[in-house]
Amino acid sequence: MATWLEDQWKSGDSTIDTEHLKLHEMIRSMTAVMRNDPGTGLAQEAVDVLTERLRIHFRMEESLAAKANPEAIDTLKQDHQRLLRLLTPVRDAVQSGSAEKAKSLMTDFAEQLDKHDREIDIPLFRK
Ligand SMILES: [Fe+2]
Ligand SMILES: [Fe+2]
């Protein structure tokens, strides 16, 4: 379960908490599109839309952190880049028609994002 859906992990900042809830809704629906694509190319579009949505999310966090916590910005940026790179093999698997592989890579991605949330975002943005 996504960290941000658990009350104990709320940061206390409503902008950040709402943004994470929306992001995780988006991840759930794009993952469902990927899993249910009967080969129409929708899965590939879903990975691209998800990647773009994550970029927006990361930019927002980085600009908030630049103001509030500039010494943490390098770690935050590096981990965001690492997470984005995990989506490249997902896209490759989708493109080559390896649905099972894409599914397992998406599970890995979700776990890594969850770890990022707990270890980096929450300590950084908690009020
Ligand atoms: Fe983050
Ligand atoms: Fe985040």
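## Close-ups of a predicted model

**View 1. Helices H2 and H3 side by side.** The axes of helix H2 (residues 42-68) and helix H3 (residues 73-95) come within 10 Å, crossing at roughly 180°. That makes H2 and H3 roughly antiparallel to each other, since an angle over 145 degrees gets that label. From H2, the contact takes in Ala43, Gln44, Val47, Asp48, Thr51, Leu54, Arg55, Phe58, Glu61, Glu62, Ala65 and Ala66. H3 answers with Ile73, Leu76, Lys77, His80, Leu83, Leu84, Leu87, Val90, Arg91, Val94 and Gln95. Sorted by class, the contact of H2 with H3 comes to 13 nonpolar, four polar and six charged residues. Keep in mind, here and in every other view, that this is a predicted model.

**View 2. The iron ion (ligand 2) and its protein donors.** Four residues donate to this iron ion (ligand 2): His20 and His57 through NE2, Glu61 through OE and Asp121 through OD. Their distances to the iron ion (ligand 2) run from 2.0 to 2.2 Å. If you're thinking about geometry, the angles subtended by the four donor atoms span 84 to 168°, so the arrangement is classed as irregular. A tetrahedral label would need all angles to lie between 85 and 135 degrees. Along the chain, the donor residues of the iron ion (ligand 2) follow the spacing H-x36-H-x3-E-x59-D. His20 sits in helix H1 (residues 14-36) and Glu61 in helix H2, so this pair ties together parts 41 residues apart in sequence. His20 counts as buried, at 0% relative accessibility.

**View 3. The iron ion (ligand 1) and the shared glutamate.** Around the iron ion (ligand 1) you'll find Glu61 (OE), His80 (NE2), His116 (NE2) and Asp121, which is listed with two OD contacts, all at 2.0 to 2.8 Å. The donor residues of the iron ion (ligand 1) are spaced E-x18-H-x35-H-x4-D in sequence. Glu61 in helix H2 and Asp121 in helix H4 link distant parts of the chain, 60 residues apart. The iron ion (ligand 1) is 3.3 Å from the iron ion (ligand 2), and Glu61 coordinates both. Asp121 appears among the donors of the iron ion (ligand 2) and among those of the iron ion (ligand 1). How accessible are these two acids? Glu61 is buried, with a relative accessible area of 0%, and Asp121 is buried, also listed at 0%.

**View 4. Arg118 on helix H4.** Arg118 belongs to helix H4 (residues 99-125). With a relative accessible area of 31%, Arg118 is partly exposed. Leaving out residues up to four places away in sequence, Arg118 touches Thr3, Glu6, Trp9 and Pro123. Arg118 and Trp4 are 114 residues apart in sequence, yet their C-alpha atoms are 8.8 Å apart in space.

**View 5. Asp13, just ahead of the helices.** Look for Asp13 in the segment before H1. Is Asp13 buried or exposed? At 17% relative accessibility, Asp13 counts as buried. Beyond residues up to four places away in sequence, Asp13 touches Phe125 and Lys127.

**View 6. Ala43 in helix H2.** Ala43 is part of helix H2 and is one of the residues H2 brings to its contact with H3. Its relative accessible area is 5%, so Ala43 is buried. Apart from neighbours within four places in sequence, Ala43 is in contact with Met34, Asp37 and Val94. His20 is a different story: Ala43 and His20 are 23 residues apart in sequence and 23 Å apart in space, C-alpha to C-alpha.

**View 7. Arg53, also on helix H2.** Arg53 has its place in helix H2. At 18% relative accessibility, Arg53 counts as buried, because the cut-off for that label is under 20%. Which residues does Arg53 touch, not counting those up to four places away in sequence? Glu19, Lys22, Leu23 and Met26 are the ones. The C-alpha atoms of Arg53 and Lys115 are separated by 19 Å, with their positions 62 residues apart along the chain.

**View 8. Pro89 in helix H3.** Here's a proline within a helix: Pro89 lies in H3. At 34% relative accessibility, Pro89 counts as partly exposed. Pro89 and Gly41 are 48 residues apart along the chain, and 16 Å separates their C-alpha atoms.

Methods: Residues numbered from 1 in each chain as written. Chains lettered and ligands numbered in written order. Predicted model: local features only at pLDDT ≥ 70, side-chain atom pairs only at ≥ 80, totals over all residues. Heavy atoms only, no water. Helix = DSSP H or I, 4+ residues; strand = E, 2+ residues; numbered from the N terminus. Buried < 20%, exposed > 50% of the residue type's maximum accessible area, 1.4 Å probe, protein only. Contact = heavy atoms within 4.5 Å. Axes fitted to C-alpha atoms, helices over the stretch in contact; angles between N-to-C directions. Parallel < 35°, antiparallel > 145°, perpendicular 65-115°, else oblique. Nonpolar A, V, L, I, M, F, W, Y, C, P; charged D, E, K, R; others polar. Donors = N, O, S within 2.8 Å, 3.2 Å for Na, K, Ca; no water. Tetrahedral: all angles 85-135°; square planar, octahedral: opposite > 155°, others 65-115°.
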